[in-house]
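Q: I would like to learn how to read a structure of this kind, feature by feature. Where do we begin?

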Amino acid sequence: MHTAHPLIRMAGTSLLAMTTLALTACAGMTQQEKNTAIGAGVGAIGGSILTGGSTTGTLGGAAVGGIIGHEIDKPKK
């Protein structure tokens, strides 16, 4: 079984820690803003894992996750 390089594991752990810390500052945010932030964080982690830690994969995952999070529970007009 192939294990991830220690630097990749450390980067993933750091990203998760930063996301957790950033989400603790969400007290004044609307639910839609919280969903966007959570989606971006989860997408970044997923993109990083799926692409083996590539910067492009991480940023792409964050963008897609943020868009999906933004659209969840969007107020109907």
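The dialogue below goes from the overall fold to single residues.

A: We begin with the origin of the coordinates: this is a predicted model.

Q: What helices and strands are there in the protein?

A: The protein has three helices and zero strands. Along the sequence the pattern reads α-α-α.

Q: How many of the 77 residues are buried, as a percentage?

A: A residue is called buried when its relative accessible area is under 20%. In this protein, buried residues are 19% of the 77 residues. The exposed surface comes to about 5600 Å², and carbon and sulfur atoms supply 71% of that area.

Q: What part of the contacts in the protein joins residues far apart in sequence, at 24 or more positions?

A: Take the contacts with a separation of 6 or more; residues 24 or more positions apart account for 50% of them.

Q: How is the length of helix 2 checked, and what span should it have?

A: The general idea is to multiply 1.5 Å by one less than the number of residues. Helix 2 covers residues 31-50. Its 20 residues should therefore span 28 Å, and the distance between its end C-alpha atoms is 28 Å, which agrees.

Q: What about the span of helix 3?

A: Helix 3 runs over 55-71. Its 17 residues should span 24 Å, and its end C-alpha atoms are 24 Å apart, so here too the two values agree.

Q: Which residues of helix 3 are buried, and where do they lie around the axis?

A: An α-helix has 3.6 residues a turn, so residues three or four places apart point the same way. In helix 3 the buried residues are Gly57, Thr58, Gly61, Gly65, Gly66 and Gly69. Viewed down the helix axis, these buried residues fall within an arc of 160 degrees, so they line one face of helix 3. Thr56, Leu59 and Ile67, on the other side of helix 3, are exposed.

Q: Which residues are buried in helix 2?

A: The buried residues there are Asn35, Gly39, Gly41, Gly43, Ala44, Gly47 and Ser48. Two of these, Asn35 and Ser48, can be read through their contacts.

Q: Is Asn35 buried or exposed, and what does Asn35 touch?

A: Asn35 has 13% relative accessibility, so with the cut-off at 20% it counts as buried. Leaving out residues up to four places away in sequence, Asn35 touches Gly69, Ile72 and Asp73. Of these, Gly69 is among the buried residues of helix 3, while Ile72 lies in the segment after that helix.

Q: And Ser48: what is its relative accessibility, and which residues is it in contact with?

A: Ser48 counts as buried because its relative accessibility is 16%. Apart from neighbours within four places in sequence, Ser48 is in contact with Gly53, Gly57 and Thr58. Gly57 and Thr58 are buried residues of helix 3, whereas Gly53 belongs to the loop between helix 2 and helix 3.

Q: What can be said of the backbone just after helix 2, and of Gly53?

A: A backbone angle such as phi is read by its sign and value. Gly52, just after helix 2, takes a positive phi of about 70 degrees. Gly53 counts as partly exposed, because its relative accessibility is 34%. Gly53 lies 6.1 Å from Ile8, C-alpha to C-alpha, although the two are 45 residues apart in sequence.

Q: Which other residue pairs, separated along the chain, have a C-alpha distance to look at?

A: Gln31 and Ile72 are 41 residues apart along the chain, and their C-alpha atoms are separated by 9.5 Å. For Glu71 and Gln32, 39 residues apart, the C-alpha separation is 7.8 Å. Gln31, which lies in helix 2, is partly exposed at a relative accessible area of 47%. Glu71, in helix 3, is partly exposed at 43%.

Q: Which residues make a nonpolar surface patch?

A: Val64, Ile68 and Ile72 make a nonpolar surface patch of about 270 Å². Ile72 itself is partly exposed, with a relative accessible area of 42%. Ile72 thus appears both in this patch and among the residues that Asn35 touches.

Methods: Residues are numbered from 1 along each chain as its sequence is written. This is a predicted model: local features need pLDDT of at least 70, side-chain atom pairs count only at pLDDT 80 or more; totals for chains, interfaces and linings use all residues. Side-chain values use heavy atoms; hydrogens and water are left out. Helices (H or I, at least four residues) and strands (E, at least two) are DSSP runs, numbered from the N terminus. Buried means under 20% relative accessible area, exposed over 50%, partly exposed in between (1.4 Å probe, protein chains only). Contact means heavy atoms within 4.5 Å. Accessible areas come from the Shrake-Rupley method with a 1.4 Å probe; for residues, only the protein chains shown count as cover. Patches are made of residues with over 30% relative accessible area and no salt bridge: like charges are joined within 9 Å, nonpolar side chains (Val, Leu, Ile, Met, Phe, Trp, Tyr) within 5 Å. A salt bridge is a side-chain nitrogen of Lys or Arg within 4 Å of a carboxyl oxygen of Asp or Glu. The arc is that of the directions from the helix axis to the C-beta atoms.
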